[in-house]
Amino acid sequence: ASIFVERLHSIQRLQDVRDALHLQRLQHHTNCTQSPQHLQHTISTASTALPDSSTSHHRETSKMAAQTPQTTGDFTNKQFSEQEVANKVIEQYSEAHARTFYKYVMGGGGYDIHYGMFRTATDGVFESSKNTNAALLRLLDQTRPVTKDSVVLDLGSGHGGLSHEIAQTFGCKVISFNISPEQNQMNLDEAKRLGVGELISVRCGDFNDRANFPPSDLGEVTHVISCEVFCHAASKPNLLADVRKIVQPGAALVFTDIMGADGADEKALKDFTDRNATTAMARPSQYLDWLKAAGFCHVGFFDGSGHLLPYFSAMLDVCHKQGAAMVKDGVPQPYLDKWVASLTDRVAIQKDKAVFAWGLFSARAPGPLY
């Protein structure tokens, strides 16, 4: 009995440590001033606090983990609750091998990690992603003219590719809001290299954090742009309502997102939800209704779903042709293998049933155009 009680106490102490680590991890990703080294120090310090009876087990587990390729970002058979999704977004994008993978497969070596629009038969992931940027910037300027006095909020800015192009094109201030400190630093470094560092500021935050989003100190935001980010929102209607609170009267909102096609069965979208941190996928008709319910007007949608099949195919082509290079750069082979399987299924189901949808949304807050 005494041994059983001691084991219960040990389990509780271990859980307390894990809870503390979880809290530290959240704080790390909310506060950009904390470095990866700080987080590693926290983990190392907490590990020494494990009860003596579990030390050998902890060492063996660590040894096994070091020998086993990590495949985090694998969400097979999981669809997350609103409370879980934010942490899983961090897992999907922040780790080094994931950043490397996405820069190959969606960025084509660049900083634009999103779906693309194809203008020629020779376009790949890099060219098509740049075409999407151009389409977004045109639509943003058409929805409300962008001037040097504008302030654009890039919501879920990732590596900052779109933020850089906005600053370069319009010469206006851009606020890059993003959950990953590592991506944010890459954004700032590249902005400085491009000569637009003075125009871009970075805010590290989580739009699923209801206690701290929307922030009240962004100033007068005239435009909001976002690219394939709202799919990670715990509650998409809540996020759109929060965006409405941020912007000034007459502000423009333009975004793209990956969705399920209207009428698609959620089970048919499984190969996407197995590889991405999501709650239920939105439908185009739902976004239109949610935008209006949030108080936006002049709501529109360009259906670009026809670009998905060539883009899925281009992603798969990169995996096949550059897989060895990705593995050499630190992408675990099991992680890559699961992506190849997922994309193979995704290409097939989109070709046969067109269950995924994608496109550009635009809307304005009520108020003056200029």
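**Exercise 1. Placing Leu-308**

Task: Determine in which helix Leu-308 lies, whether Leu-308 counts as buried or exposed, and which residues Leu-308 touches beyond four places away in sequence.

Solution: Begin with the secondary structure of this predicted model, in which Leu-308 belongs to helix H12. Next, take the relative accessibility of Leu-308, which is 1%; because buried means under 20%, Leu-308 counts as buried. Then list the contacts, setting aside residues up to four places away in sequence: Leu-308 touches Tyr-115, Ile-258, Gln-350, Phe-356, Ala-357 and Trp-358. Finally, compare positions along the chain with positions in space, where the C-alpha atoms of Leu-308 and Met-117 are separated by 8.3 Å although these two residues are 191 residues apart along the chain.

**Exercise 2. The packing of H6 and H12**

Task: Describe how helix H6 and helix H12 pack, giving the angle and the distance between their axes, and then name the residues that meet.

Solution: First, fix the two elements, H6 being residues 125–143 and H12 being residues 308–328. Their packing angle is about 145 degrees, and their axes are 10 Å apart. Second, read off the residues on each side: H6 brings Val-125, Ser-128 and Ser-129, which meet Tyr-311, Ala-314, Met-315 and Val-318 of H12. Third, sort the residues of this contact by class, which gives five nonpolar and two polar residues, with no charged residues.

**Exercise 3. The largest nonpolar core**

Task: Find which residues touch the most other members of the largest nonpolar core, and which helix gives the most to this core.

Solution: The core holds 89 residues, and those touching the most other members are Phe-101, Leu-155 and Met-315. By element, H12 gives the most to this core, contributing nine residues. To follow one of the central names further, take Phe-101, which, leaving aside its neighbours within four places in sequence, is in contact with Cys-319, Met-326, Val-331, Tyr-335, Leu-336 and Trp-339.

**Exercise 4. Cysteines and the whole chain**

Task: State how many disulfides are counted, classify Cys-227 as buried or exposed, do likewise for Cys-231, and then give the share of buried residues in the protein.

Solution: A disulfide requires a pair of cysteine sulfur atoms within 2.5 Å, and by this rule the count is zero. Cys-227 has 10% relative accessibility and therefore counts as buried, while Cys-231, at 6%, counts as buried too. For the protein, buried residues make up 53% of the 370 residues. As a last step, consider the contacts with a separation of 6 or more, of which 74% come from residues 24 or more positions apart.

Note on methods
Residues are numbered from 1 along each chain as its sequence is written. This is a predicted model: local features need pLDDT of at least 70, side-chain atom pairs count only at pLDDT 80 or more; totals for chains, interfaces and linings use all residues. Side-chain values use heavy atoms; hydrogens and water are left out. Axes are lines fitted to C-alpha atoms, for helices over the stretch in contact, and angles run from 0 to 180 degrees between N-to-C directions. Helices (H or I, at least four residues) and strands (E, at least two) are DSSP runs, numbered from the N terminus. Contact means heavy atoms within 4.5 Å. Ala, Val, Leu, Ile, Met, Phe, Trp, Tyr, Cys and Pro count as nonpolar, Asp, Glu, Lys and Arg as charged, and the others, Gly among them, as polar. A nonpolar core is a set of buried Ala, Val, Leu, Ile, Met, Phe, Trp, Tyr and Cys residues joined through side-chain atoms within 4.5 Å. Buried means under 20% relative accessible area, exposed over 50%, partly exposed in between (1.4 Å probe, protein chains only).
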